[in-house]
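I am starting a notebook page on this structure, and I will put down what I looked up, entry by entry. The sequence and the structure come first, and my entries follow.

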Amino acid sequence: MNNVRTSGPLPVPPQVAEASAQGIISHRSDAFRALLPEVLDGLRPFFGTAAPILPFTCSGTGGMEAAVVNCLAPGDRVLAVSAGHFGNRFAEVARCYGADVTVHHVPWGTAPTAADVAEALRAAGPVRAVLLTHNETSTGVLAPLRELCAAITESSDALILVDGVSSVGATRFDMDDWGVDVAVTVTQKALMAQPGLSLIATSPRALRVAHGGGQRRYYFDFPRMAAAVEEGTTTYTPAVAVLQGLRAAVGMLRAEGPERVFERHRAAAGTLRQALLELGMIPAADAWCASPTVTAVHLPDGVGASGVRRALERDHGILVASGRSAWKENTVRIGHMGAFHAAEIEATVAALGQVLGTTALLAGEVPAPGRHT
Ligand SMILES: *Cc1c(COP(=O)(O)O)cnc(C)c1O
């Protein structure tokens, strides 16, 4: 079996696969009315919220779109803070729906600081919302979300919409305490289940805004989904099998305990970073903001990511991800989220060392790594 070290979707633990094969039930049945609250309540410690968590059948990008259409009207001024590919995507979604978006770009490989965000907010003037990416999967950078939220709430009443797709379930996320209004995640990353659902935690304020505002939408309506969830169901047919699998996954995460889950991710990231440095490789993220779930590493000059990925898969059965956008060919990304074992991370570094030892075979026309905005 392959060692899948990408940033998702990921193979699911056998318990999760079994749970999702137990047989489809109706979303209007008593069995479903037992299933849904169990799953959503089980997720509360990972979102850090008592607010409604809404399960929409869509990928993470759908969840980002749902946040935008419920909270933003065309013409609303928005500050998007972007430190990479996914930050850019959130800005693009808002722009697509007519928001007047100012993007504050942070150099790839580092995270926005509270001072950056406070300054960007001052420069932007009053905004309806700030869009943040908690864990920028394209660069392997974790933003100091608590501090960013504090900087925002100190000087503004902007809504705080957060892409937590590759962080929720793997690292601390205290939505209520930090003042986050909408937090989006998915089943297929740290939550160890199959792709198919976006889980969106919505603060009372976000729900109030969505009630009277936002913009035209049908399927992605927060208030109607919140009312359905209150009744133990969903507005429309959900990915039932994914929810059944997610129940098992959340059970595993709860049994391990959030603190231990967070520590396991942090430790794997630290060990991996150290091993890469020992190999003479350069992790793309600054040490202070290195992600607990994905590590991007720049390749030596002249070595292309596609060749490295091919060799890792062919000779070692290891799948890693390439870089994104400007980093596509000079970077590989190693995922360590969800149900990984330390041995799989160690095997990946060892294999990477071997593959790079034979880089002569792989040399191609590749630009030197560098920072881009
Ligand atoms: C994976 C990812 C997404 C997009 O998720 P899809 O489910 O592919 O739409 C968005 N944001 C971040 C930070 C991600 O890692």
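How far does a polar side-chain atom of Lys189 lie from an oxygen atom of the ligand? I looked this up first, keeping in mind that the model is predicted, and I found a distance of 2.7 Å between the polar side-chain atom of Lys189 and the ligand oxygen.

Entry on the ligand. I then went through the other polar pairs, and I noted that an N or O atom in the side chain of Thr137 is 2.4 Å from an oxygen atom of the ligand, while for the side chain of Gln188 the corresponding distance to a ligand oxygen is 2.9 Å. On its own the ligand has 380 Å² of accessible area, and I read that the protein covers 88% of this. Helix H3 (60-71) and helix H4 (85-96) are the elements that give two or more residues to the shell around the ligand, and the largest share, three residues, comes from H3. In total I found 13 residues surrounding the ligand, with Ser59, Thr61, Thr137, Asp163 and Lys189 as the closest. When I sorted the shell by residue type, I had three nonpolar, seven polar and three charged residues.

Entry on the sheet. I turned next to an open sheet of five strands, which I traced in the order S1-S13-S14-S12-S11, with mixed pairing. Strand S1 (3-5) and strand S11 (282-283) are the edge strands, each pairing on one side only. I reminded myself that strands of a sheet pair through backbone hydrogen bonds, either parallel or antiparallel. For strand S13 (residues 318-322) and strand S14 (residues 331-335) I found the antiparallel sense, over two bridges, and I wrote down that Ser322 has Val332 in S14 as its bridge partner.

Entry on the helices by the sheet. Helix H12 (residues 305-316) lies across S13 and S14, and I noted that H12 runs at about 165 degrees to S13. Helix H13 (residues 342-357) also packs on the sheet, where it touches S1, strand S12 (294-298), S13 and S14, and its direction makes about 85 degrees with that of S1.

Entry on backbone details. I looked at the loop between S1 and helix H1 (14-19), where Pro9 lies, and I found that a cis peptide bond with omega of about 0 degrees joins Gly8 and Pro9. In the loop between strand S9 (182-186) and strand S10 (198-202) I came to Met192, which has a positive phi of about 65 degrees although it is not a glycine.

Definitions and conventions:
Residues are numbered from 1 along each chain as its sequence is written. This is a predicted model: local features need pLDDT of at least 70, side-chain atom pairs count only at pLDDT 80 or more; totals for chains, interfaces and linings use all residues. Side-chain values use heavy atoms; hydrogens and water are left out. Two strands pair if DSSP finds at least two bridges between them. Helices (H or I, at least four residues) and strands (E, at least two) are DSSP runs, numbered from the N terminus. Contact means heavy atoms within 4.5 Å. Axes are lines fitted to C-alpha atoms, for helices over the stretch in contact, and angles run from 0 to 180 degrees between N-to-C directions. A residue is near a molecule or strand if one of its heavy atoms lies within 4 Å of it. A polar contact is a pair of N or O atoms within 3.5 Å; within protein, one must be able to donate a hydrogen and the other to accept it, and residues adjacent in sequence count only if both atoms are side-chain atoms. Accessible areas come from the Shrake-Rupley method with a 1.4 Å probe; for residues, only the protein chains shown count as cover. Ala, Val, Leu, Ile, Met, Phe, Trp, Tyr, Cys and Pro count as nonpolar, Asp, Glu, Lys and Arg as charged, and the others, Gly among them, as polar.
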